[in-house]
Amino acid sequence: MEGKQQLSPPGPAAGEERRAEEGKDAAGGGALGKPLGPTPSQSRFQVDLVAEGAGRSAEEPRKGSGEGGVAGKGSEEAKGRFRVNFVDPSAGDDSPGEPGGGSSEGGNVSFQNGGDTVLSEGSLHSGGHHHYYYDTHTNTYYLRTFGHNTMDAVPRIDHYRQTAADLGEKLIRPSLAELHDELDKEPFEDGYANGEEGTPAGEAAATYTPDSKGVVKFGWIKGVLVRCMLNIWGVMLFIRLSWIVGQAGIGLSVLVIGMATVVTSITGLSTSAIATNGFVRGGGAYYLISRSLGPEFGGAIGLIFAFANAVAVAMYVVGFAETVVELLKENGTLMIDEMNDIRIIGAITVVILLGISVAGMEWEAKAQIVLLVILILAIGDFVIGTFIPLDNKKPKGFFGYKAEIFTENFGPDFRDGETFFSVFAIFFPAATGILAGANISGDLADPQSAIPKGTLLAILITTLVYVGIAVSVGSCVVRDATGNVNNTIVTELTNCTSAACNLNYDFSSCQTGCQYGLMNNFQVMSMVSGFAPLITAGIFSATLSSALASLVSAPKIFQALCKDNIYPGFQMFAKGYGKNNEPLRGYLLTFLIALGFILIAELNVIAPIISNFFLASYALINFSVFHASLAKSPGWRPAFKYYNMWISLVGAILCCIVMFVINWWAALLTYVIVLGLYIYVTYKKPDVNWGSSTQALTYLNALQHSIRLSGVEDHVKNFRPQCLIMTGAPNARPALLHLVHAFTKNVGLMICGHVHMGPRRQAMKELSTDLAKYQRWLIKNKMKAFYAPVHAEDLRDGGQYLMQAAGLGRMRPNTLVVGFKKNWRQGDMRDVETYINLFHDAFDVQYGVVVIRLKEGLDISHLQGQEELLSSQEKSPCAKDIIVKVDYSKKAETDTCIAFAPSSSERTPTLHKEEDEDGKTPTQPLLKKDSKSPSSPLNLADQRLLDASTQFQKKQGKSNIDVWWLFDDGGLTLLIPYLLTTKKKWKDCKIRVFIGGKINRIDHDRRAMATLLSKFRIDFSDIMVLGDINTKPKKENIAAFEEMIEPFRLHEDDKEQEVADKMKEDEPWRITDNELELYKTKTYRQIRLNELLKEHSSTANIIVMSLPVARKGAVSSALYMAWLEALSKDLPPILLVRGNHQSVLTFYS
């Protein structure tokens, strides 16, 4: 089996199976997403029976290098086994492939990652040839599983991976075509087993293979719990908590802490729910929100959250610098003055923190643990201190645990204009920081279990500590104290009102203001503690750890945001460095933002904005959970069950309320920024599809409304023209599309029908690719329409399928729109028979029919090329010209997809494309001369055709829409022009109505029609009654008509009866002499009407006219086609309309 690749049997341990990575070439470290050697058509998927002992040399046991264990190749008998391989005809060398083996050319990397199976990046580079290696997960495995041979794959995690997954390779399960199609056919021609591979994004992602050595992943304690506790315990704990107890009292302080905890706990539960609903990558809050609510909300929050984290670094560093400057001031060693000292110390600190962060996550995590230890020691120091009341501390207000003090401090005592909410606003930032663990989700070994455990436990521990300290400080320290030893009361007072008085201290002089006590001294905790410097160390630790956590979070979030390319300008920050993919550029940007704010050194203004940014993120995380639950998407199934959609909604509302409580103008500013970014991202429409809950809810709403609608009976007032347009490929007949779109846009349904004919297998493949391609084209060109392709033996069958099955419930077409078959006389008359039968079929199923004719024609596909549309992954937005060479030598027998071509005598010619990009809209003239291209400049007819195809995209100006309402079809002939005039491009056009009448009753008929139109509330500029419709047409016009139909006549009077009957049976479209005589009056009427149309309406922008109806089986196709030709030739654009004779207009309210 030369030039082929044999599948390797699995290694000894079932859990450590070797997997070769498809479509990659590990030689030289390069990795490719596509097979290089064979072209798609050369590469054939084969299942060969392997003879006994075949390929024995290739199956010698080999040692695979691997950190996670050695998995050698088994040497099982190959008796009667299937071998699945790609034949590479281009391989000239005879060396057998070496999949997964220790090939000398390529690095063979195996690694174990997060408890995953061992992966083998086997070299697929063998003997200088690229083999596209396809793994059906080693047949012998299936042999063992089921006891018989099967190519079908058993369920396995690797089939569900995304290509870019870091944890392991994506395996492709055999596609349905490989299992189902006949063996001699090609199951797939494009070299890929299913549509998931081969997209540019897939290839780009596939090229990055992480090196497991040295990648640092954290568990739930080190990664989440420690981080969250450090971030939540900020400087508030040591400096502000005692003051809050003084102002609000113990009772309300506990309420303040409880309220903050409710908000953070609900958010913690919501975060846990989202984090356990699938694999979480790096990007924290941004990743969670964007993948749940879509790129609009995600992009807005990602930018704000990353910025808030960057500014938070500055806030924490300034808090640290202030404490240092306070110490310097006490010792009288200030460098310059307070403000500048804060700037200098802050700048030095942030540089050191940057150094720790850049040194790597491992260093940063070690620093965090050291800081946590200091923080816990400081808290312990305070608790111990409360039990040892020293006499020298009593004048400062600290007496140890006393019931009197607890009772006195239980109630509030707001001073200096503070209120409950202002105190809450000051405390709340101390509760934020719960996302510190989630923000580094990419660096966690198992984010799904780590984020819920770590976050919720951190909230619980920190809340208990806050409450404990609030209660103990409130039980030990009085609100006001002088600090003066001489204020002891020697004589017993009987009328004591304060606790201090009961404890023999008189602090009554504090009405004028003291320096000590809960209200006046921010350093109460230092004073109470057993060893004061340890509290200072605790303050340093709290501020620095929070600063460090924010300094790490901001770049990680920003990197994730940039990788998704939602804001193209920030693309450069997506690059990561080193084994851990560290965002060094992001670190630098965060450092500069932080430094800028440190230099301001006044953060009282910035702090509330940051709190609001964090709260906006919390609100959206809560809302995400509510939204995802509401959308009932089958993909929403979090492993964490302790959440409730309504509680999440309450959490979101609470977050919004708290934003206003903290600072109303900052809240408004946040809303404006989020809204602005949301609108920007919505407008930009980033090309991403994350299966967001917004998508799911859109579907659910559409489904529910469709079902509700189908329970409502139709009413004439609500009639809408719902059009099924037989366009073929939508970009082939732009004029047809734009004209119908003009009267259906935002009014009715528009479905573009496309009948594929030819070999079924080929057509099925085209059907699936065309569906995505053309629907995308319609959206890109702002067409509010659906694309519906079908495969049928001929056009008539396809039309019937579409008329019967297109649409859903009440949203079904009721009008068939076709283009006029312009070159019908030169083509095969069987096509004309099919075309006319479409009209009969439409009337049979109660459809109205509209035929649109432009004298230049409609079909521009031979000029323009059916260019390929933008694939979903296309990155370059630039327009490209398309060079098309048309080859008329290959006729319909080679063309498998024949577009429905009413305006073309021949079937669509085969097109050779030099460039397949939908860079331009289909209606622009896009043939350009090229030195290499033999294409010539357009001839005059083609140029006119191109110009005509764009005419309905332009503003129509002040001209007329002429309505020839000759027969009452229920009013569709009148409704369509009215709907046209409601659109912006047509609003200046006036409707002129032409009706038939008798010469002696012209005034009466005009008045009757004017009354009817005014009752219908349809504006018109003129009504003309034609009394001379039944006048005989001009002789030359009759002669021209007879000449036109001559080739299609049967002339049965000149032939023998049998010959004539046989001919009529074989060619039913032929016109009999009897038929021509019978319908002479009707024929003359069509010719006469054409004369009148030229006389009255030759300057109209568009003519809408009643379509003549031919009785089925009585009028031959050729005669009917001749009538339409005679009626509509040499005129402005004309719509021949016939409703289904049920009223579509009413004058009743």
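What follows is a short dialogue on reading helix packing and a strand-helix-strand unit in this predicted model.

Q: What should I know about the numbering and the model first?
A: Residues count from 1 along each chain as its sequence is written. The model is predicted, with local features needing pLDDT of at least 70 and side-chain atom pairs pLDDT 80 or more, while totals for chains, interfaces and linings use all residues, and side-chain values use heavy atoms, leaving out hydrogens and water.

Q: How are two packed helices described?
A: By the angle between their axes and the distance between the axes. Here, helix 9 (residues 338–358) and helix 17 (residues 584–600) pack at about 165 degrees with axes 10 Å apart. Helices are DSSP runs of H or I, at least four residues, and strands are runs of E, at least two, numbered from the N terminus. Axes are lines fitted to C-alpha atoms over the stretch in contact, and angles run from 0 to 180 degrees between N-to-C directions.

Q: Is that roughly parallel or roughly antiparallel?
A: Helix 9 is roughly antiparallel to helix 17, a label for angles over 145 degrees.

Q: Which residues of helix 9 make the contact?
A: Among them are Arg343, Gly346 and Val350, with Tyr587 and Phe591 included on the helix 17 side; contact means heavy atoms within 4.5 Å.

Q: Which strands pair in the parallel sense over five bridges?
A: DSSP must find at least two bridges for strands to pair. Strand 15 (residues 990–996) and strand 16 (residues 1022–1026) do so, and Gly996 has Leu1026 as its bridge partner in strand 16.

Q: Where do helix 4 and helix 13 fit in?
A: Helix 4 (residues 220–232) and helix 13 (residues 447–476) cross at roughly 35 degrees, their axes coming within 8 Å. Trp220 and Met229 are among the helix 4 residues there, and Tyr466 is one of those in helix 13.

Note on methods. Angles under 35 degrees count as roughly parallel, over 145 as roughly antiparallel, 65 to 115 as roughly perpendicular and the rest as oblique.
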